[in-house]
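Reader: Could you take me closely through a single part of this model, setting out the reasoning as you go? I would like one connected account rather than a list.

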Amino acid sequence: MHSESAEPKIDNSNRKPSRLGFRWWICALLFFATTVNYVDRAVLGVLAPTLRTEIGWSDTEYGDINAAFTLAYGIGFLFAGWLMDRLGTRLGYAISLIVWSLATAAHALATSAFGFGIARFALGLGESGNFPAAIKTVAEWFPQKERALATGIFNAGSNVGAIAAPAVVPFIAITWGWQVAFIITGVAGLIWVAFWLPLYRRPSKHPWVSAAELEHIRSPPPDPPGKIPWIHVLPHRQTWAFAVGKFLTDSIWWFYLFWFPLFMNDQFGVDIKTIGLPMITVYLLADVGSVAGGWLSSALLGRGWSTNAARKTAMLVCAICIVPVSMAPLVADKWVAVLLVGVAAASHQGFSANLFTLTSDMFPRKAVGSVVGIGGFAGAMGGLLLNLFAGRYLDQFGRDYSGIFMAAGSAYLIALLIIHILVPRLQPAVIAKAAKGPHETGIQVLPPGD
């Protein structure tokens, strides 16, 4: 197997110095890739009301189209980390961007629900490589003390992308047609590749990394060798607590991403010309919730609460704030509905931030990547099933969203109850077998909010 672990000894004393550190330019590339990633996955949702009329698909078919994406994303996610280890981040990341960019552009050629499903499946396979590649890049380019900051910066691209899509895509579609919207967003990823391939090298081989910066990147403490494979964490109830939480709650996030524009169109007549501001509002509130949820548990810990009490109380507050979203299909004013969904999205992000933190509370560091990977796959499968269900439910009941929103309002309380039953005290898992070597790595870590 190809390995990038061995660093050749080369003379870097005469390298061109990088004023602020070239690693931050690499981090900027990761940020833009993640922004493109979320724009590309959100385009279909923004255009869904228009495409439902022009293509003539049923809600069942639209649910199947989105299910194709989440299925491919989950499958690809299982192998993306291995692929990045095998090919290296320079080539692996470029291939991922090329695949999903071409898949995005290929939506413009689709003339049926089946055609969109094929394009969507290819998009899911390609996009599954983004976060594993970005995490691996951060590990290569940043010392341990800077990795959390670098990860937070590039992961902010997911929020920017979710906001950028409804801000930009409607204008493109109205001006030049929906096909051009897919083509332009697809080309954006190829432009990124045109910067990535010439600029990216490992730090030890990069001509723009000074000797001082290289020494800083390699500064201690080093990561411990190897990781615990996912097969060794799968039997533990702590793993299942996290996986069930992701399965029940990530599916709701996928629903908001793909179905919110159709909900606004069906309930309030909001079309492509007016969907931008409601979607931007929802995702701006989600950004606030992501920070607030993490702050709440940290504040409770600072007051002397136990980890178990602080985490679960913060999650309970978020879950309770989500309950009113059940009323979204019943209100008469569209902005009340937007506010209800926005608060629910914000609370989802707060719940999710604490849910991710449970892994580090219950597992040794070397096992966290595999546990988060299992949870990410479970979340994708939850999205798959909810999309399949939502389309059939809406066709059956005449686009009455009340049942789906009732499920959305209660899912987090149910998830928290199951988590509490499985790990009533957040007791740490005892992992009997450690990893044997650096290639026994399990599944890659994803940042919160993916």
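Author: What follows is a close look at the helical start of the chain and at one helix pairing beyond that start. The model is a predicted one, and the account begins with helix 1, which covers residues 22–55. With 34 residues at 1.5 Å a residue, helix 1 should span 50 Å, and because its end C-alpha atoms are 47 Å apart, the expected and computed lengths agree. Helix 1 nevertheless bends by about 65° at Ala48, where a proline, Pro49, follows within four residues. As for its surroundings, 26 of the 34 residues of helix 1 are buried, so this helix is largely enclosed by the rest of the structure. Just after helix 1 comes Gly56, whose phi is positive, at about 85°.

Turning to the pairing, helix 2 (residues 59–87) meets helix 14 (residues 365–396), their axes coming within 7 Å and crossing at roughly 170°. Because an angle over 145 degrees counts as roughly antiparallel, helix 2 is roughly antiparallel to helix 14. The residues of this contact between helix 2 and helix 14 comprise eleven nonpolar, ten polar and four charged.

One residue of helix 14 to examine is Arg392, which counts as partly exposed because its relative accessibility is 40%. Once its neighbours within four places in sequence are left aside, Arg392 is in contact with Thr60 and Asp64. Arg392 and Asp64 are 328 residues apart along the chain, while their C-alpha atoms are separated by 9.3 Å.

How values were computed
Residues numbered from 1 in each chain as written. Predicted model: local features only at pLDDT ≥ 70, side-chain atom pairs only at ≥ 80, totals over all residues. Heavy atoms only, no water. Helix = DSSP H or I, 4+ residues; strand = E, 2+ residues; numbered from the N terminus. Expected span 1.5 Å × (residues − 1). Bend = angle between axes of the 7 residues up to and from the residue. Buried < 20%, exposed > 50% of the residue type's maximum accessible area, 1.4 Å probe, protein only. Axes fitted to C-alpha atoms, helices over the stretch in contact; angles between N-to-C directions. Parallel < 35°, antiparallel > 145°, perpendicular 65-115°, else oblique. Nonpolar A, V, L, I, M, F, W, Y, C, P; charged D, E, K, R; others polar. Contact = heavy atoms within 4.5 Å.
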